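Biologist: I would like to learn how to read helices, a loop residue and a pocket in a model of this kind. Could you take me through them one at a time?

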Amino acid sequence: MRIDVVTIFPAYLDPLREALLGRAVERGLLEIAVHDLRRWTHDVHQAVDDAPYGGGPGMVMRPQVWGEALDEVLPAGPQPARLVVPTPAGRPFTQTTARAWADEQRLVFACGRYEGIDERVLLDARARGIEVDEVSIGDYVLVGGEVAVLVMVEAVARLLPGVLGNPRSAAEDSFSDGLLEGPSYTRPETWRELAVPDVLRGGNHAAIARWRRDRALERTRDRRPDLLDALPPDALDAADRAV
Ligand SMILES: N#Cc1c(-c2ccc3cc[nH]c3c2)n[nH]c1N
């Protein structure tokens, strides 16, 4: 997978070169290219924004600059790419979204600032046959799209083959079965007079699996009942429903 990010703050994306993702790039499991949007300005001030038509607070990012940038960054021709535009007005970005995007060959992220990007940039991309997703990482307001891109790139990249040391991690993490992950423990067996639950030290794998499922159901019911309501009818068996 190749990921391109267009932004006026390239340094915001430096964390993508660190740790797990940095190692995945070094190992050739994915490519990440970050582009400074100001590269496509032609005035001495490198202006990327202008006042909004119709008035109102703040500034809007200019279509000419974004248009030239995406003309260069988005692949021409049949090779598919998905243009992702983070926005508080977007559809929710979820684990389901991450899983779907993990199958893409190309993802191009457009990081807005100010009051966002002129709508015609998205209309033009769609008119050129580009899939455009306007997504939000949560119901709160950031000051730009860069942090959202860090979140989304990490969520997608960890699902790519070979990125996680143990592929079971992605298969068994929160949301993988529609539930929140339950609690985890490691050594020592007792810490500040708090003991690891006996069942986890007992070696009975069926009992451990049942205990973990019960804790996941309890936590999901307590913190995210909406996820339980969204489960398919046959997702919970009699033992689950007894929790
Ligand atoms: N995704 C997302 C966002 C944003 C966001 C995204 C882009 C821009 C550009 C200017 N302000 C922005 C806020 N706020 N909250 C979210 N969940």
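Biologist: Bearing in mind that this model is predicted, how many residues does helix H5 have, and what distance does it reach from its first C-alpha to its last?

Modeller: The general idea is to set the end-to-end distance beside the span expected at 1.5 Å a residue. Helix H5, residues 146-157, has 12 residues and reaches 16 Å, close to the 16 Å expected.

Biologist: Why can H5 be described as largely enclosed by the rest of the structure?

Modeller: Here one counts buried residues, meaning those under 20% relative accessible area. In H5, 9 of the 12 residues are buried, so the helix is largely enclosed by the rest of the structure; among them are Glu-146, Leu-150, Met-152, Ala-155 and Val-156.

Biologist: Where is Phe-93 placed, and is Phe-93 buried or exposed?

Modeller: Phe-93 sits in the loop between strand S5 and helix H3 (95-101), and with a relative accessible area of 13% Phe-93 is buried. To see what surrounds such a residue, one leaves aside its neighbours within four places in sequence, and the contacts of Phe-93 are then Ala-98, Trp-101, Val-135, Ser-136, Ile-137, Met-152, Ala-155 and Val-156. Met-152 lies 59 residues away from Phe-93 along the chain, yet their C-alpha atoms are separated by 7.8 Å, and Met-152 is itself one of the buried residues of H5.

Biologist: What span should helix H8 have, and which residue caps its N-terminal end?

Modeller: The reasoning used for H5 applies again: at 1.5 Å a residue, the 19 residues of H8 (205-223) should span 27 Å, which agrees with the 27 Å between its end C-alpha atoms. The cap is Asn-204, which places a side-chain oxygen 3.1 Å from the backbone nitrogen of Ala-206.

Biologist: Which elements do the buried residues of H8 pack against?

Modeller: The buried residues of H8 are Ile-208, Trp-211, Asp-214, Ala-216, Leu-217 and Thr-220, and they pack against helices H7 (198-201), H9 (225-229) and H10 (238-241).

Biologist: How many residues line the second largest pocket, and which element gives the most to that lining?

Modeller: One reads a pocket through its volume and its lining. The second largest pocket holds about 440 Å³ of space and is lined by 24 residues, with Pro-86, Thr-87, Pro-88, Glu-115 and Gly-116 nearest its centre. Strand S5 (82-92), helix H4 (119-127) and strand S7 (131-136) each supply at least two lining residues, and S5 gives the most, with 4. By type, the lining divides into 13 nonpolar, 7 polar and 4 charged residues.

Key: Residues numbered from 1 in each chain as written. Predicted model: local features only at pLDDT ≥ 70, side-chain atom pairs only at ≥ 80, totals over all residues. Heavy atoms only, no water. 1 Å grid on protein atoms, 1.4 Å probe; cavity = no way out; pocket = protein on both sides within 12 Å on 5 of 7 lines; lining within 4 Å. Points joined across faces, edges and corners; volume = space filled by probe spheres on them. Nonpolar A, V, L, I, M, F, W, Y, C, P; charged D, E, K, R; others polar. Expected span 1.5 Å × (residues − 1). Buried < 20%, exposed > 50% of the residue type's maximum accessible area, 1.4 Å probe, protein only. Contact = heavy atoms within 4.5 Å. Polar contact = N/O pair within 3.5 Å; in protein donor to acceptor, adjacent residues only side chain to side chain.
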